[in-house]
Amino acid sequence: MRNESTMYQLFTDIASKDSRILAVYMNGSRTNIHAPKDIFQDYDIVFVVTETKPFIEASNWIQQFGTILYMQYPDESPDYPSDKENFYGWLMQFDDGVRVDLHVESLTHAREHIGDDRLCRILLDKEHVLPEIAEATDADYHVKKPSQEQFHACTNEFWWCSNNLAKGLWREELPYVQDMANFIVRKELEKMLAWNVGLKTDFTVSVGKSAKYLYKWICKEEYENYLNTYFGGTIEGAWKAVFLMCDLFDRVSRQVAEGLGYLYHEEEAKAARGFLEHVYRLPKDAQEIF
């Protein structure tokens, strides 16, 4: 597997030899000093070019990067908008284990947007066409202190959508419950856990995408409780995980509310939790909820 220095040399060599390529910059986890380093980190590379079209039409040029095992063309998807004249990408998995997410970008677009992501580092600028940028930082991804309104919206969304978990579990519609739990309810739990981390760190750290770095900032027991809120393919297991999720959310919400001096609607939480418990006990042949 090629190492980091070899890959950086490859990127700059390819760019240096091609007059159509004006500059190279990188963003993503490899520019973040706080991101754990491991063998699965990809290279998020952008080549700033005079025109994107020739690179797209004669795409065999990407073979210079190595032997491609398989790849994806995200800008060719019919379900997502694209701006090929300004930005186009190839996501490549190579046969030696290296992955490169490569994009070509027009100079105008780069000048306007290079500062959008502060996790950015310029590797090569042949004729100083790019603006100066600050040292790469993950500050934009730090947990942000919520307002009282944001805190209330989070708690309200969590407890209201637990109603959907209840009816989905009673109906034994597990695919629906999985989606509701992981894409809606869990996102509110992630926010609350992240805010609690923010309180402990004065809002100076990131918990990562999908809160994947939570384990760094919360105790082992609480992190294990969080992992136990994920569930598999049984209704009973799902009920157990949902109740654990509610317990964790309620406990952490109280901590965040106290730490920020915010109001937590305990009666709302109590009512929603009570409804869940009632539906859990509700017979399958029930003709009425109450």
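Helix α4 gives the most to the lining of the second largest pocket, with five residues. Keep in mind as you explore that this is a predicted model.

**The second largest pocket**

Let's stay with this pocket for a moment. Its lining includes N163, A166, K167, W170 and R171, along with F275, V279 and L282. A286, Q287, E288 and I289 line the pocket too. The elements that give two or more residues to this lining are α4 (148–171) and α8 (266–281).

**The largest pocket**

Now turn to the largest pocket, which is lined by 35 residues. Which residues lie nearest its centre? They are S206, V207, G208, K209 and Y213. Helix α5 (residues 174–201) provides the largest share of this lining, five residues.

Here are the two pockets side by side:

| Item | Largest pocket | Second largest pocket |
|---|---|---|
| Volume | about 900 Å³ | about 180 Å³ |
| Nonpolar lining residues | 13 | seven |
| Polar lining residues | 10 | two |
| Charged lining residues | 12 | three |

**The cysteines**

How many disulfides does a search of the whole structure find? The search finds zero. C161 is in no disulfide, and the nearest cysteine sulfur, that of C154, is 11 Å away. C161 counts as buried because its relative accessibility is 7%, and buried means under 20%.

Why does C246 not form a bond with the closest cysteine sulfur? That sulfur, in C161, is 12 Å from the sulfur of C246, which is too far for a bond. A disulfide needs the two sulfur atoms within 2.5 Å. C246 is also buried, with a relative accessible area of 2%.

Conventions:
Residues numbered from 1 in each chain as written. Predicted model: local features only at pLDDT ≥ 70, side-chain atom pairs only at ≥ 80, totals over all residues. Heavy atoms only, no water. 1 Å grid on protein atoms, 1.4 Å probe; cavity = no way out; pocket = protein on both sides within 12 Å on 5 of 7 lines; lining within 4 Å. Points joined across faces, edges and corners; volume = space filled by probe spheres on them. Helix = DSSP H or I, 4+ residues; strand = E, 2+ residues; numbered from the N terminus. Nonpolar A, V, L, I, M, F, W, Y, C, P; charged D, E, K, R; others polar. Buried < 20%, exposed > 50% of the residue type's maximum accessible area, 1.4 Å probe, protein only.
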